[in-house]
Structures are given as C-alpha cells and as structure tokens.
Amino acid sequence: MQVTGDVMVSDEVPVAVRVDRWRRGLPPDAWPDSLPSTGVIWRRDAFAVAEAYRAGSASARQLLAAVLAWAYGPIGYGPWRAARSLAADPQGTRLAYALEGVSGPTPDDVALGRAYRRLRDPDQARLPWLGPGLVTKVLYFVGYRRGVGGVQPLVLDRVVASRLPAKAGVHRPNGWSAEEWLAYLRWAAEQANSHGVEADAVEMALRRGAEALVEGVEVGDEPDVPGLVRLVHQCP
C-alpha cells in the first residue's frame, strides 16, 4: 500500500519510463515537473497530477502527459504518440471540455458516460492516438474518488477485457461503447462492495490474474474474482 496525502493507493507495480526520452519528445509545457525523475512511475504519481489538475495547479496537457507516460511505460513509440495527441489540442481545451463533468467532488455514471462519449467523438474532444483504453485511463485518474464507494471510473483495456466474465457486460476485446464501459463499472462496483475493497482493486486483481496466467485458468473460464482480489492484496 502507498499513501498520497490522506488517500490510500494500492499500486500493483511501478511502470518503467525513459524520462529523458519523454522530456525530449513532448512540448516543454506538457511534462509535469512533479513526476519523479527516477525512471519509474506509480499510479499514485499520476493521481497526484490529476489532483493538481482538479485544483487548478496543473494543466490538462500535463495531466494527459502524466497518464500517457504511465500507460505507455517503456514502449518506444509512447512519446511519439503522446506528442501527436497533444499537438491536436495545443491549449488543452478539448480535453478540459471532456473532463468538466468528472472533475467535481463525486462524478456519477451519467457524467462518466458523457465524458467517455466526448473523448470518443471527433466532433467534440477526440484526440489522435487516444483510443478507448487510454480514454478510460484518463478518466480513471481524473474521476476516481477513493473511499466513497459506488460506481467509479476504472481502466478497461485488452488485458482487463480478456478476464471479464460475460455478466460484466463487455462483449468485445476492444472498441468498447460507453454503455459497455459503464456496465463493467457497475459490475466492478458490485464486486468491490461484496468483498469490502476499492473498485480499482477489482481491476488490478483481474489484471494480475491475467498476467500471472493462474494455473488451471483457461481461455473462456470466468475468473475467480474473490481469489484474485485476495491475490492482489497479498502482494507487496
């Protein structure tokens, strides 16, 4: 467990980042100085930038850079794609417009769905190279409110989607609609409430189970969510 202020954050693993490459590849105004220069980024680091964004001390472009650095990690084309996303929104106004409903104290599922749709609509706030998985990562860091329960924005990418049971409402490996994402969020909220954990512990448990290739689990099997939740909490 890691602590940022009065917020408890359960990180699964840090992400390795070539900070020098990211700094060189992005516009000078986009890289948040608060991100560690050590070459590793934890979820708590991206959450700190998101908190600064909501408080008005970080820009939408800095928020996007922080999330994309965490999302891409060591992938070589990460800075190049991030630069293209940022170039399409030079003032950060499109992103800020998309996030206006999820930057308040307790965004509900209506606000989350609206923000997702805006970020996927080219006539509103869609940015190049910002696909559905990355959209959910931006919304996760900006909109997650720890300790309040209920429906929370969570990461949905191919790894998570591959481990979701049918009843989670996600029916394809990518290209998810807002309705599918919201169905997954409601399912995760139910799981979190049943097991007394944060909603993102369910996402991290699913991810850890998929990446660990738990013995005896085959393609098409529904995951043992309680067991995976225990797994993620047993890890340092």
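Author: Let's start with a cut-off: a residue counts as buried when its relative accessible area is under 20%. Please keep in mind that this is a predicted model.

Reader: Thanks! What makes Ala 50 buried?

Author: The relative accessible area of Ala 50 is 0%. The limit for buried is under 20%, so Ala 50 counts as buried. Ala 50 sits in helix H2, residues 43-55.

Reader: Which residues is Ala 50 in contact with, leaving aside its neighbours within four places in sequence?

Author: They are Leu 63, Phe 141 and Val 142. Leu 63 is 13 residues from Ala 50 along the chain, and the two C-alpha atoms are separated by 5.9 Å. Phe 141 and Val 142 are both residues of H7 that are buried.

Reader: Then let's turn to H2 and H7. Why are they called roughly perpendicular to each other?

Author: Their axes cross at roughly 70°. Roughly perpendicular covers 65 to 115 degrees, so H2 and H7 get that name. The axes come within 8 Å, and H2 passes H7 in a right-handed crossing. Arg 43, Ala 46, Phe 47, Ala 50 and Arg 54 of H2 make the contact with Tyr 140, Phe 141 and Val 142 of H7.

Reader: What makes H6 oblique to H7?

Author: H6 and H7 pack at about 135°, with their axes 10 Å apart. Angles of 65 to 115 degrees count as roughly perpendicular and those over 145 as roughly antiparallel. An angle of about 135° fits neither range, so H6 is oblique to H7. On the H6 side the contact involves Leu 112, Ala 115, Tyr 116, Leu 119 and Arg 120; on the H7 side it involves Pro 132, Val 135, Thr 136 and Leu 139. This crossing is right-handed.

Reader: How do you know that H7 is largely enclosed by the rest of the structure?

Author: Twelve of its twelve residues are buried, so that description follows. Among them are Lys 137 and Thr 136, as well as Leu 134 and Val 138. For the protein as a whole, 51% of the 236 residues count as buried.

Reader: How do you know that the span of H7 is close to the one expected?

Author: H7, residues 132-143, reaches 16 Å from its first C-alpha to its last. At 1.5 Å a residue, the expected value for these twelve residues is 16 Å.

Reader: What makes Thr 106 exposed, and Trp 129 partly exposed?

Author: Thr 106 has 58% relative accessibility. Exposed means over 50%, so Thr 106 counts as exposed. Trp 129, at 38%, falls between the 20% and 50% limits, so Trp 129 is partly exposed. Thr 106 lies in the loop between H5 and H6, and Trp 129 is in the loop between H6 and H7. The phi angle of Trp 129 is near 65°, a positive value in a residue other than glycine.

Reader: Which residues have the most contacts inside the largest nonpolar core?

Author: Leu 99 and Tyr 184 do, in a core of 71 residues. Helix H3, residues 60-72, gives the most to this core, with eleven residues. Leaving aside neighbours within four places in sequence, Tyr 184 is in contact with residues including Leu 154, Val 160, Leu 164 and Glu 203.

Notes: Residues are numbered from 1 along each chain as its sequence is written. This is a predicted model: local features need pLDDT of at least 70, side-chain atom pairs count only at pLDDT 80 or more; totals for chains, interfaces and linings use all residues. Side-chain values use heavy atoms; hydrogens and water are left out. Helices (H or I, at least four residues) and strands (E, at least two) are DSSP runs, numbered from the N terminus. The expected span of a helix is 1.5 Å times one less than its number of residues. Buried means under 20% relative accessible area, exposed over 50%, partly exposed in between (1.4 Å probe, protein chains only). A nonpolar core is a set of buried Ala, Val, Leu, Ile, Met, Phe, Trp, Tyr and Cys residues joined through side-chain atoms within 4.5 Å. Contact means heavy atoms within 4.5 Å. Axes are lines fitted to C-alpha atoms, for helices over the stretch in contact, and angles run from 0 to 180 degrees between N-to-C directions. Angles under 35 degrees count as roughly parallel, over 145 as roughly antiparallel, 65 to 115 as roughly perpendicular and the rest as oblique. A crossing is left-handed if the near helix is turned anticlockwise from the far one by less than a right angle, and right-handed if clockwise.
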